[in-house]
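Please find below my note on the model, set out as numbered points. Each point takes up one part of the fold for discussion.

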Amino acid sequence: MLDDLHIHDFYRDAGRILLALFQQFPAPATIYVEDIAGPDTPDEFGLHSPRHLACLGAMTWLKECGYINFSQLVRQEAVEEATLSHRSFMLLVSRGADGVSNAEKLDRVVRGGSSPQLEELMVHLMAQLNA
């Protein structure tokens, strides 16, 4: 059986990143890895923890796949001038049949939902962006 805890962390990180940018939209923002993934515990050589690097990887992946934009990485600490892509913004403001926006749903699930609920919502949102 595969241990997919890293995938659940990815969904939580990606959701938090999208929400952070939605709350700042349309102004570009600096997003710090520690604000998304929590405090880092570098090793004795100053290398970041695997959890920190995974969150940084989520930021980079979101950019490469067209979910967000940012101008540059600040070492391995943050991304600068980050914004939602047009498609991500439109997806987050879209409302379902229940009248609730995807941003509101995502906020609820990121704050208090279970990992399976978060996974279901993130897969649904990402599938809509690629439809």
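**Notes on a strand, a helix pair and a buried leucine**

1. In this predicted model, strand S1, covering residues 29–32, has a covered face made up of Ala29 and Ile31, while Thr30 and Tyr32 belong to its uncovered face. In a regular strand the side chains alternate between the two faces of the sheet.

2. S1 is joined by three bridges to strand S4 (residues 78–84), and the two strands run antiparallel. Ala29, which lies on the covered face of S1, stands opposite Ala82 in S4.

3. Two packed helices are described by the angle between their axes and the distance between the axes. For helix H1 (residues 5–24) and helix H6 (residues 115–129), the axes come within 9 Å and cross at roughly 60°, and H1 and H6 are therefore oblique to each other. The crossing of these two helices, H1 and H6, is left-handed.

4. On the H1 side, the contact is formed by His8, Phe10, Tyr11, Arg12, Ala14, Gly15 and Leu18, which meet Ser115, Leu118, Glu119, Met122, Val123 and Met126 in H6. By class, the residues of this contact between H1 and H6 comprise eight nonpolar, three polar and two charged.

5. Leu106 is found in helix H5, which spans residues 102–112. Its relative accessible area is 0%, which is under the 20% cut-off, and Leu106 is therefore buried.

6. Once its neighbours within four places in sequence are left aside, Leu106 is in contact with Gly15, Leu18, Leu19, Leu92, Leu118, Leu121, Met122 and Leu125. One of these, Leu121, is 15 residues away from Leu106 in sequence, with a C-alpha to C-alpha separation of 7.3 Å in space.

Terms used:
Residues numbered from 1 in each chain as written. Predicted model: local features only at pLDDT ≥ 70, side-chain atom pairs only at ≥ 80, totals over all residues. Heavy atoms only, no water. Axes fitted to C-alpha atoms, helices over the stretch in contact; angles between N-to-C directions. Helix = DSSP H or I, 4+ residues; strand = E, 2+ residues; numbered from the N terminus. Parallel < 35°, antiparallel > 145°, perpendicular 65-115°, else oblique. Left-handed = near helix turned anticlockwise from the far one by under 90°. Contact = heavy atoms within 4.5 Å. Nonpolar A, V, L, I, M, F, W, Y, C, P; charged D, E, K, R; others polar. Buried < 20%, exposed > 50% of the residue type's maximum accessible area, 1.4 Å probe, protein only. Pairing = 2+ DSSP bridges.
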